[in-house]
Structures are given as C-alpha cells and as structure tokens.
Amino acid sequence: MKKYIVLLFLITLTSCKIKFLEPDVISDMPNSYYLTKDYIDLSNTALTTQVMDEYLANGNGYMLCFCGNLTDAIIRTIKNYINNCGKDIYLDLKNCTGLSTIPESIFSGVNNLVGIKLPHDTTTIGKYSFQNCTKLTNVRLPLSLNSIGDYSFKNTRSLKEIEIPDSSIAMYQETFKNSGLVQFIMSDSFERIGIEALGSCQSLKTLVVNASFALFRMNALSYSSNLETIIYYGDKVNTVRFESGIFNGIPANKITLYLPNVVKGQADFSTWGGYSWKDIKYKGEFDINSLLQ
C-alpha cells in the first residue's frame, strides 16, 4: 500500500511542476534582434493562467514566448492574462502559426503590453488591434505582412519607431494617428498612406518616402507639427499624388525636402505637395546617413 502512495505522489509532482528555462532576452545592442531560448509550445500545452505564471516565474518575469498553433481562442486567453496580471509584458509570437489575421481590437487598451513580435505568417493586422496601448514601445512585424488596418496603432504614444516590411504596400485610416513615432521609413514597395494615418504625431520629425510611392490620402500628415525632414527617393515631380490637407497644422517653411536622386535643375520641386518648403536639398548637397541617424 505504501508503494502505491509514494508512486502517486511522484506522479503528482512530475505532472504539476512545469519547468521553463529563461525566455527571450532583450539585447541592449543597437539594431539587435532578441536571443532565442525556450517557448511555451501551444501544440502540446493546455494554456492556463498557471502555465503562464510559472513561465514568467522561471524566466525573466516579463517575456511571454510561444510557439505552435495559435488560434483566436488562445490569443484571447493570452490577452486576458496580460490585461489582468498586473505586470508589463513583452509578447513573442514569432514562432507561432495559424493566425493569418490579428483579430480586430484584440489588444486595444491593454496598457501593460510593452512589446510584441507577431507570428511569422501573419498577413493582416485587423482594425483597432493595438489602439490605446499606451506603453507599447516595440513592435516586430513579419515579412509576410501586407495590410495594416484602420486605427490599428492609434494613440500608441510610447511607440517611437517601427519597421514596415517590404510585403506591405499600404496603411489605412488613422493607423498611427497620435502615436509616438519619431521617424517613419517606408519600405521599397510601400504605395499609400491613408487618411490621417500619420496625423497628430507630435514626435514625428523624419519621413522617408520611397521612389515608387503613389498616394498621400487626405490629412495624412496633418498636425504632425514637429515634422522637419522629408526624404524622397523619387526623381519625378508628378509621381506622387497629394489629396487635400496633407500638411494642415504644420507651419509653412518648417520642413526641408531632401532629394538624394535629383540633380539641382533637373526638376522643379518648389511646390511639391502644395507646401512652402523651408529648403530643398539636392543630390550631393547632404549626407543621407547623417540625416537618418
């Protein structure tokens, strides 16, 4: 009888104690990605509050890292946990699959989400997905992404920078309105900025426009009143279309236009976009690397 009791006790210990090693660690090195370590495997783990509590306790206390099949129900379980755990959390989903669209409003208003890596096969970020995430500072978008929905990063005032993958060709209405972006650099394939998509970004100082960009929708940059640098890699005046109100709320003679691929006298950009430029700098008149630093 005693042998059976001891065996039962050992089984209980083994099945209830989940041992996780340290999860991803943020590197202080500039431009560094994170060091990959262990993850909660969603393919063979019933996700519960206890599992996530133990993972954080055995890791660094703030990074939740997952791999395996990610469903709508699971991401809502994760969202609810982050919303209620009382800790600032960085969420790593890059090794997950199965969720091609980030659900609308899924993390909206989750103030203690400080960073996220999206699944590597995500193609669409739904509307309002990260709206009002006031502590969100770091977002890693997957190379598969092609659509960033309306209002998806609105009011993310701690978000200072974001890298848009080459697969993305457009962002839509108020996508980054009132965010903390300091600079916005378009990928080579990016074609359109939606209505007020970069509006009221009071920290925005630099906008880099690729050579194939086609359209600024209405009020796309309105009231981003500290914008001081636009770099345009194109060389033709009429390639980009500007709808009304692009520069509303930005003082005249505030922004300098830099044209790294236009020789002075080659084309007249003096009224480009209908704005009164502080200055226009042409090829050979500036160091592009210094500007982007």
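Modeller: Two strands pair if DSSP finds at least two bridges between them. Strands (E, at least two residues) and helices (H or I, at least four) are DSSP runs, numbered from the N terminus. Strands E1 and E2 are such a pair: they run parallel and are joined by 2 bridges. This is a predicted model, where local features need pLDDT of at least 70 and side-chain atom pairs pLDDT 80 or more, while totals for chains, interfaces and linings use all residues. Residues are numbered from 1 along each chain as its sequence is written, and side-chain values use heavy atoms, without hydrogens or water.

Biologist: How many helices and strands does the protein chain have?

Modeller: The protein chain holds 4 helices and 17 strands.

Biologist: Let us take E1 further. Which residue of E2 is the bridge partner of Ile40?

Modeller: Phe66 in E2 is the partner of Ile40. Now follow the sheet across. The strand order is E1-E2-E3-E5-E7, an open sheet of 5 strands with parallel pairing. Strand E1 (40-41) and strand E7 lie at the edges, each pairing on one side only.

Biologist: How many bridges does E5 make with E3, and how many with E7?

Modeller: E3 and E5 share 4 bridges in the parallel sense. Ile89 has Leu113 of E5 as its bridge partner. On to E7 (residues 138-140): E5 pairs with it over 3 bridges, again parallel. There, Gly115 stands opposite Asn138 of E7.

Biologist: How many residues of E5 are buried?

Modeller: Buried means under 20% relative accessible area, exposed over 50%, partly exposed in between (1.4 Å probe, protein chains only). In E5, 5 of the 5 residues are buried, so the strand is largely enclosed by the rest of the structure. For the whole protein chain of 293 residues, 46% count as buried.

Biologist: Which helices pack on this sheet?

Modeller: Contact means heavy atoms within 4.5 Å. Angles run from 0 to 180 degrees between N-to-C directions, with axes fitted to C-alpha atoms, for helices over the stretch in contact. H2 lies across E1, E2 and E3, and runs at about 125° to E2. H3 packs on the sheet too, touching E2, E3 and E5; the direction of H3 makes about 170° with that of E3.

Biologist: How far does H3 reach from its first C-alpha to its last?

Modeller: Expected span is 1.5 Å times one less than the number of residues. H3 (residues 72-84) has 13 residues and reaches 19 Å, close to the expected 18 Å. After H3 comes Gly86, with a positive phi near 80°.

Biologist: Which residues of H3 are buried, and which are exposed on the other side?

Modeller: Ile74, Ile75, Ile78, Lys79, Tyr81 and Ile82 are the buried ones. They cover an arc of only 165° around the axis (taken from the directions to the C-beta atoms), which puts them on the same side of H3. Ala73 and Asn84 are exposed on the other side of H3. The buried residues of H3 pack against helix H2 (49-58), strand E2 (63-69), strand E3 (89-97) and strand E5 (113-117).

Biologist: There is also a sheet that contains E14. What is its strand order?

Modeller: The order is E10-E12-E14-E16-E17, an open sheet of 5 strands with parallel pairing. Strands E10 (183-185) and E17 (279-282) are the edge strands, each paired on one side only. Neighbouring strands in this sheet are turned by 15° against each other on average, direction ignored.

Biologist: Over how many bridges do E14 and E16 pair?

Modeller: E14 (residues 229-232) and E16 (residues 256-259) pair over 3 bridges, in the parallel sense. Thr229 stands opposite Thr256 of E16.
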